[in-house]
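Open your viewer and load the model. We will start with the whole chain, then zoom in on one strand and its neighbours.

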Amino acid sequence: MIKKMVFIILLFLLIMVYFPNRFSAAENQNLFEGWTDFYDELFEISFVYPESWTNYTSQERGVILVLPDGVGMFTYRYSPLFNEKMNLSEFISQNRETLQEMGAEFIEDEYITFSNAPAYKLVYALPLGKDTQKYLMVWCLIEDNVYITTFSHQSQYFDQYRLEVDKIIDHMVIIKD
């Protein structure tokens, strides 16, 4: 009787360990169906984005994707810190203070992992004339570089694209030689 119980438990554990991986592989194939691959060594980034978004990336502007409505925008840039020795907490503090001085209303924030590195995600609203613009920013410091990802849209349309933006950010990979 004990052997049967041990066998059933082991069989159950084997199924639980093996099958979720099999199902998630099939789900991942469909996860990005209808999406476009983006890979750029100059900007040190690789990710996928919905094929309905328009890519206006250039060396001068950085990575710029315009949403189908022509208003929302997703951007990515990286830059050296130019000998400014700063950790992520200091960078966050400095930038939050600047945003607060501009009148930003902080909505949510959290520490996340961005391309296997510690990062910070901030969502805030900023009044611009009669409208309010909402932003989602991710700040990541690796060595002497800062990596900044931004999604912005009019406040009333922001949530319409939020899941896609989060999916992009979750799967972005910084390319380092």
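What pattern does the chain follow, read along the sequence? Colour by secondary structure and trace it from the start: α-β-β-β-β-β-α-β-β-β-β-α-β. That gives three helices and ten strands. Keep in mind that this is a predicted model.

**Whole chain.** Turn on the surface. The chain exposes about 11,300 Å², and carbon and sulfur atoms supply 54% of that area. Of the 177 residues, 40% are buried. Now think about contacts between residues with a separation of 6 or more: 45% of them link residues 24 or more positions apart.

**Strand 4.** Select residues 63–66. Are the side chains here buried or exposed? Show them and check each face. Val63 and Leu65 lie on one side, and both are buried. Ile64 and Val66 lie on the other side, and they are buried too. Both faces of strand 4 are therefore covered, with "buried" meaning under 20% relative accessible area.

**Strand 3.** Add residues 54–55 to the selection. Strand 3 runs antiparallel to strand 4, and two bridges join them. Find Thr54: Val66 of strand 4 stands opposite.

**Strand 5.** Next, select residues 73–80. Strand 5 also pairs with strand 4 in the antiparallel sense, this time over four bridges. Which residue of strand 5 is the bridge partner of Leu65? Look for Phe74.

**The hairpin.** Finish between strand 4 and strand 5. Six residues separate the two strands in this hairpin. Click on Gly70, which takes a positive phi near 75 degrees.

Definitions and conventions. Residues numbered from 1 in each chain as written. Predicted model: local features only at pLDDT ≥ 70, side-chain atom pairs only at ≥ 80, totals over all residues. Heavy atoms only, no water. Buried < 20%, exposed > 50% of the residue type's maximum accessible area, 1.4 Å probe, protein only. Pairing = 2+ DSSP bridges. Contact = heavy atoms within 4.5 Å. Areas by Shrake-Rupley, 256 points an atom, 1.4 Å probe, with all protein chains shown as cover.
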